[in-house]
Amino acid sequence: MSLLPRFKEISTFVFDVDGVLTDGTLWIYDDGQMVRRMNIKDGYALQLAIKKGYRVLVISGGTSEAVKQRLFKLGIQDVYLKVENKTEVLEQYCQQNKIPRTEVLYMGDDIPDYAVMKQAGLCCAPADAAVEIKHIAHYISRIRGGQGCVREIIEKVMKLRGDWDIDTTVSSK
């Protein structure tokens with residue numbers, strides 16, 4: 001059975017941070033500061049999706065203020081950090097916004113994403129996701145976390161829906 005019809009139904013993207021929007025690397029400096037790396041191509045796709053009217057949420061167990069500011073800069077207003085129960089957050093969001101699960105795409109990479117991924121209409125994983133996550137994913141990206149897997153997924157949905165085009169007013173900064 002083709003997954004393309006499921007991709008075409010998506011109106012809402014939900015992403016984990018570490019291992020999806022980042023490559024999972026964490027640099028820790030002597031002063032205790034922790035730094036992550038994000039892909040600028042993912043940033044472009046996230047901005048374009050928002051501009052075209054898609055909902056974008058980020059749900060993470062992490063607490064980085066720098067990550068939150070980066071996501072806000074990209075236009076993502078629905079950023080949930082320090083989340084212990086990702087399923088509960090997604091359920092509440094869908095109920096409040098009357099979003100059917102068939103319209104929700106969740107991309108996660110590790111065990112904390114397992115339960116919430118099973119609630120999404122379409123669950124996706126980066127190429128380097130944990131084996132358990134790959135087993136439940138409907139689609140596994142050919143790209144690793146933090147290296148453009150988010151863009152791949154967004155672009156696939158938007159192209160199928162006729163929303164992907166050249167837009168010179170969107171920046172990835």
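**Close-up 1. Gly162, just after helix 8, has a positive phi.** In this predicted model, the phi angle of Gly162 is about 75 degrees. The helix before this glycine has 12 residues. From first C-alpha to last, helix 8 spans 17 Å, close to the 16 Å expected at 1.5 Å a residue.

**Close-up 2. Helix 8 has a set of buried residues.** Which residues of helix 8 are buried? They are Cys149, Val150, Glu152, Ile153, Ile154, Glu155, Val157 and Met158, so the list holds two glutamates, Glu152 and Glu155, along with nonpolar residues such as Val150 and Ile154. A general point helps when reading this view: an α-helix has 3.6 residues a turn, so residues three or four places apart point the same way.

**Close-up 3. Helix 8 supplies the largest share of the largest nonpolar core.** This core has 33 residues, and six of them come from helix 8. Among the residues with the most contacts inside the core are Val150 and Ile154, together with Phe13, Phe15, Leu46, Leu105 and Met107. Other elements chip in too: strand 1, helix 2 (17-21), helix 3, strand 4, helix 4 (65-73), strand 6 (104-107) and strand 7 (122-125) each supply at least two residues, as does helix 8 (149-160). Elsewhere there is a second, separate core of 21 residues, which includes Val89, Tyr106, Ala129 and Ile136.

**Close-up 4. Phe13, Phe15 and Tyr54 form a cluster through ring pairs.** The whole structure has four aromatic pairs. One of them joins Phe13 and Phe15: the ring centres are 6.1 Å apart and the planes sit at 10 degrees, so this pair counts as stacked. Both of these phenylalanines are buried. How far apart are the ring centres of Phe13 and Tyr54, and at what angle are their planes? The centres are 5.6 Å apart and the planes are at 45 degrees, which means the pair is tilted. Because Phe13 lies in strand 1 (residues 12-15) and Tyr54 in the loop between helix 3 (40-51) and strand 4 (55-59), the pair ties together parts that are 41 residues apart in sequence. Phe13 and Tyr54 are both buried.

**Close-up 5. Phe13 has contacts with several parts of the chain.** Leaving aside residues up to four places away in sequence, Phe13 touches Ala49, Tyr54, Arg55, Val56, Leu57 and Leu105. The same list also has Ile153, Ile154 and Val157, which are among the buried residues of helix 8.

**Close-up 6. Lys156 lies over the face of Phe7.** The distance to the ring centre is 5.7 Å.

**Close-up 7. The cysteines here make zero disulfides.** For Cys94, the nearest cysteine sulfur belongs to Cys123 and is 14 Å away. Cys149 has the sulfur of Cys124 as its nearest, at 9.6 Å. A disulfide needs the two sulfurs within 2.5 Å, so neither Cys94 nor Cys149 is in one. Are these two buried or exposed? Cys94 is buried at a relative accessible area of 4%, and Cys149 is buried at 0%.

**Close-up 8. Asp113 is a buried loop residue.** Its place is in the loop between strand 6 and helix 6 (114-117). With a relative accessible area of 0%, Asp113 counts as buried. Not counting residues up to four places away in sequence, Asp113 touches Asp16, Lys86, Tyr106, Gly108 and Ile133. Of these, Tyr106 also belongs to the second core.

Note on methods:
Residues numbered from 1 in each chain as written. Predicted model: local features only at pLDDT ≥ 70, side-chain atom pairs only at ≥ 80, totals over all residues. Heavy atoms only, no water. Buried < 20%, exposed > 50% of the residue type's maximum accessible area, 1.4 Å probe, protein only. Phe/Tyr/Trp six-rings, centres within 6.5 Å; stacked < 30°, edge-to-face > 60°. Helix = DSSP H or I, 4+ residues; strand = E, 2+ residues; numbered from the N terminus. Lys NZ or Arg CZ within 6 Å of the ring centre and 35° of its normal. Core = buried A, V, L, I, M, F, W, Y, C linked by side-chain atoms within 4.5 Å. Contact = heavy atoms within 4.5 Å. Expected span 1.5 Å × (residues − 1).
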